[in-house]
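Good morning, and thank you for making time for this presentation. Please take a moment with the sequence and the model before I begin.

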Amino acid sequence: MLRRILALLAMLGASFVVAIAVAPSASAVCEVDKVTGEVVCDDEDGGGNGGDNGSDNTGGSSTCNYNGREIPCTGPGGSVWSSLHECWIGPSAEELGEDLIPPAGQTKEDGAWHVCYFPPPGSSWEYTWVRSGEVGIDPVVLAQRAIASMDLDPIKIGIVPESGPNRVGLVGLPVWMWVDSPTDDTFGPITASASEGSVSVSATASVSSIVWDMGDGTIVNCTGKGTPYADHYGKQDSPTCGHRYAKMSTDQPDGAYEVTATSHWVVEWTGGGQSGTIEFDLTTDPLPIRIGEAQVLTQ
């Protein structure tokens, strides 16, 4: 056993810590003890900054289940959780320089011995026989691969008054917000799939709502894309997504309110005999909006 542990450590390298994002408010770190070979996973509080442009993209279902509790779908050294074997499947014995005899009635063409890491508390790891073509990957991992392939982006902000050094809105007048030029990868729906071996997962993503931070302490929650402003609307309020500033922005940094839009994505996935929902947010870069007051001229 000691020789196997040393071979495994050599295979994994000097550092054995693997960080795994598992939930919007938590992450897990799994490591192999260099002396005992035991697998230890520690939960750590952490924010979910996983997307582009300061977004919170955690893929809320990036955990697998074992005996009624959640564990990371990825284990030490990039090993993948197998519901079938109830362990993380790692490198093969051959990759570790071991020449093990197949089980009775099997040949090397039928499968291979692989490292099987057991979740804590457990007895570290041992070799398990994995048949050729047998896929131990959890479907939720494939769902997240499908999401990654979508290359989703935050929306492009449409807003009146417009942003710009020579653009100023007025206190008390309606502000209109909308999704400018929405595309599949900024608003959805968009569908992608991922597969490994005989397991295939299809995922469809779409934006369910957009939370607008207007920079003055006001949060506006809007469903849908919003209504683009046109001149003929005049001073009407937006019928779908709007705001009114109560005071000028002159006391703000650079004299402007910083507006951001956070799109809330909902992904429905199915495959591998399972289905589920993954939710996450993507946030735009701040957009400066200047607000002033109308000046009344008297003679």
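Which residue stands opposite Trp265 in strand 17? It is Val207, and I shall return to this pair shortly.

First, the conventions. This is a predicted model, in which local features need pLDDT of at least 70 and side-chain atom pairs count only at pLDDT 80 or more, while totals for chains, interfaces and linings use all residues. Residues are numbered from 1 along each chain as its sequence is written, and side-chain values use heavy atoms, with hydrogens and water left out.

On confidence, pLDDT is the predictor's own score for each residue, from 0 to 100. The protein chain averages 80, and 75% of the residues score at least 70. The pLDDT falls below 50 over residues 5-29, a stretch that has 70 contacts (heavy atoms within 4.5 Å) in the model beyond near neighbours in sequence. It is also below 50 over residues 43-61, where the corresponding number is 56 contacts. Where pLDDT is low, the predicted coordinates should not be read in detail.

Let me now turn to strand 17. Strands here are DSSP runs of E, at least two residues long, numbered from the N terminus, and two strands pair if DSSP finds at least two bridges between them. Strand 17 spans residues 257-271, and 11 of its 15 residues are buried, meaning under 20% relative accessible area with a 1.4 Å probe and protein chains only. Strand 14, residues 199-213, runs antiparallel to strand 17 and is joined to it by 12 bridges; here Val207 faces Trp265. Strand 18, residues 274-283, is also antiparallel to strand 17, with 10 bridges between the two. One bridge partner in strand 18 is Ser275, which pairs with Thr270. Strands 17 and 18 form a hairpin with 2 residues between them, and Gly272 in the turn has a positive phi of about 60°. Strand 19, residues 287-289, pairs with strand 17 over 3 bridges in the antiparallel sense, with Leu287 opposite Val259.

Next, an open sheet of 4 strands. Its order is 6-7-8-9, with antiparallel pairing. Strand 6 (80-82) and strand 9 (125-131) are the edges; each has a single partner strand, so one side of each is left without a neighbour in the sheet. From one strand to the next the twist averages 50°, taken between N-to-C directions of lines fitted to C-alpha atoms, on a scale from 0 to 180 degrees. Strand 8, residues 111-117, pairs with strand 9 over 7 bridges, and Trp113 has Trp129 of strand 9 as its bridge partner.

How many disulfides are there? With a disulfide taken as a pair of cysteine sulfur atoms within 2.5 Å, the count comes to 2. One joins Cys87 to Cys116, with an S to S distance of 1.8 Å. At -120° about the S-S bond, this link is left-handed. Cys87 lies in strand 7 (residues 87-92) and Cys116 in strand 8, 29 residues apart, and both cysteines are buried.

The other joins Cys222 to Cys241 at 2.1 Å and is right-handed, with 80° about the S-S bond. Cys222 lies in strand 15 (residues 219-222) and Cys241 in the loop between strand 15 and strand 16 (242-244), so the pair ties together parts that are 19 residues apart in sequence. Cys222 and Cys241 are both buried.

Conventions. Buried < 20%, exposed > 50% of the residue type's maximum accessible area, 1.4 Å probe, protein only.
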